[in-house]
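Subject: Structure for your review

Dear colleague,

Please find below the structure that I am handing over to you. My notes on it follow directly after.

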Amino acid sequence: MNAPRPSQLRSRLTLALIAAMFLGSFVVAAVLRFSGWTPAHTRNYGELLEPPIALGSLTLQRADGTPYAWAPEQDRWRLLAVPAPGCAQTCLEALDFLHRTWLSQGRKADRLDVLWAGEIPANGASFRRLVQVRPDPALSAALPEAAGAESLPLYLVDPSGYLVVHYHPRPDPAGVRKDLGKLLK
């Protein structure tokens, strides 16, 4: 049996090295994926709800009594706040936060409705995409966290009417803006 020539040996070694690099990247990716590791820059600030909660089947009524249409074809996201009855300073702060968050989206702000399920305080901010809806017991029961006198959680609802992200009371404005910036591209 003849020994392989040096050029054949070099070619086989090069082919084996290329195959190892190609397959090695898949092995590393699989190990990272199944170990639960994800890069920090792809994480949401809010808590992703698994599974999402379907709200699109609920018929929400605007403050004037007309139904709020979910209209998924409009590709409109929603920030939802369900305040506790009689909240005062907490509601004013939350409305100011929601107004600033809505304004921070710039030209994409019209793709974001801010749903307020309750009474808007007299001195509360008012803006174009703020939609006041009547309190609904079915909506309140579907939410993972109830509002209190000193706490008001926020929720992100996708265009199809699924509750997908939960923000705990007093969220970081920069984190919410980053989440919305990714979605409203």
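How many of the 185 residues of the protein chain, as a percentage, count as buried? The figure is 35%. Please bear in mind throughout that this is a predicted model.

Overall form

The protein chain contains 4 helices and 6 strands. Read from the N terminus, its elements follow the order α-β-β-α-β-β-α-β-β-α. The C-alpha trace spans about 95 × 30 × 30 Å along its principal axes. The radius of gyration of the chain is 25 Å, whereas a compact globule of 185 residues would have one near 16 Å. Among the contacts with a separation of 6 or more, 68% are made by residues 24 or more positions apart.

The N-terminal helix

Helix H1 covers residues 6-34, which makes 29 residues. From its first C-alpha to its last it reaches 41 Å, close to the 42 Å expected at 1.5 Å a residue. H1 is hardly covered, and the count of buried residues among its 29 residues is 0. Just after H1, Gly36 adopts a positive phi of about 95°.

The sheet

The 6 strands of the open sheet are arranged in the order S1-S6-S5-S2-S3-S4, and their pairing is mixed. Its edge strands are S1 (47-54) and S4 (130-133), each of which pairs on one side only. From one strand to the next, the twist averages 30°.

Strand S2 and its neighbours

Strand S2 comprises residues 77-81, and 5 of its 5 residues are buried, so the strand is largely enclosed by the rest of the structure. In a regular strand, side chains alternate between the two faces of the sheet. In S2, Trp77, Leu79 and Ala81 point one way while Arg78 and Leu80 point the other way, and all are buried.

S2 pairs with strand S3 (residues 112-117) in the parallel sense, over 5 bridges. The chain passes from S2 through helix H2 (residues 89-103) to S3, and this β-α-β crossover is right-handed. Within this pairing, Ala81 stands opposite Trp116 in S3, and Leu80 stands opposite Leu115 in S3. S2 is also joined to S5 by 4 bridges, and these two strands run antiparallel. Here Leu79 faces Leu156 in S5 as its opposite residue, while Leu80 stands opposite Tyr155 in S5. Leu80 thus has an opposite residue in S5, namely Tyr155, and another in S3, namely Leu115.

Strand S3 and helix H2

Which residues of S3 lie on each of its two faces, and are they buried or exposed? Leu112, Val114 and Trp116 are on one side, with Asp113, Leu115 and Ala117 on the other, and all are buried, which leaves both faces covered. As 6 of the 6 residues of S3 are buried, this strand is largely enclosed by the rest of the structure. S3 continues the sheet by pairing with S4 in the parallel sense over 4 bridges. In S4, Val131 is the bridge partner of Leu115. Helix H2 lies across S2, S3, S4 and S5 and runs at about 170° to S3.

Val157 in strand S5

Val157 belongs to strand S5 (residues 154-157). What surrounds Val157, leaving aside residues up to four places away in sequence? Val157 touches Leu55, Trp70, Trp77, Arg78, Leu80, Tyr162 and Leu163. Of these, Trp77, Arg78 and Leu80 are among the buried residues of S2. Val157 has a relative accessible area of 0% and is therefore buried, the cut-off being under 20%. The C-alpha atoms of Val157 and Leu79 are separated by 6.3 Å, although these residues are 78 residues apart along the chain.

In brief, the two parts to compare when you open the model are H1, where the count of buried residues is 0, and the strands S2 and S3, which are largely enclosed by the rest of the structure.

With kind regards

Definitions and conventions: Residues numbered from 1 in each chain as written. Predicted model: local features only at pLDDT ≥ 70, side-chain atom pairs only at ≥ 80, totals over all residues. Heavy atoms only, no water. Expected span 1.5 Å × (residues − 1). Buried < 20%, exposed > 50% of the residue type's maximum accessible area, 1.4 Å probe, protein only. Contact = heavy atoms within 4.5 Å. Pairing = 2+ DSSP bridges. Right-handed = clockwise from strand over helix to strand, strands pointing away. Axes fitted to C-alpha atoms, helices over the stretch in contact; angles between N-to-C directions. Rg over C-alpha atoms; globule rule 2.2 N^0.38 Å.
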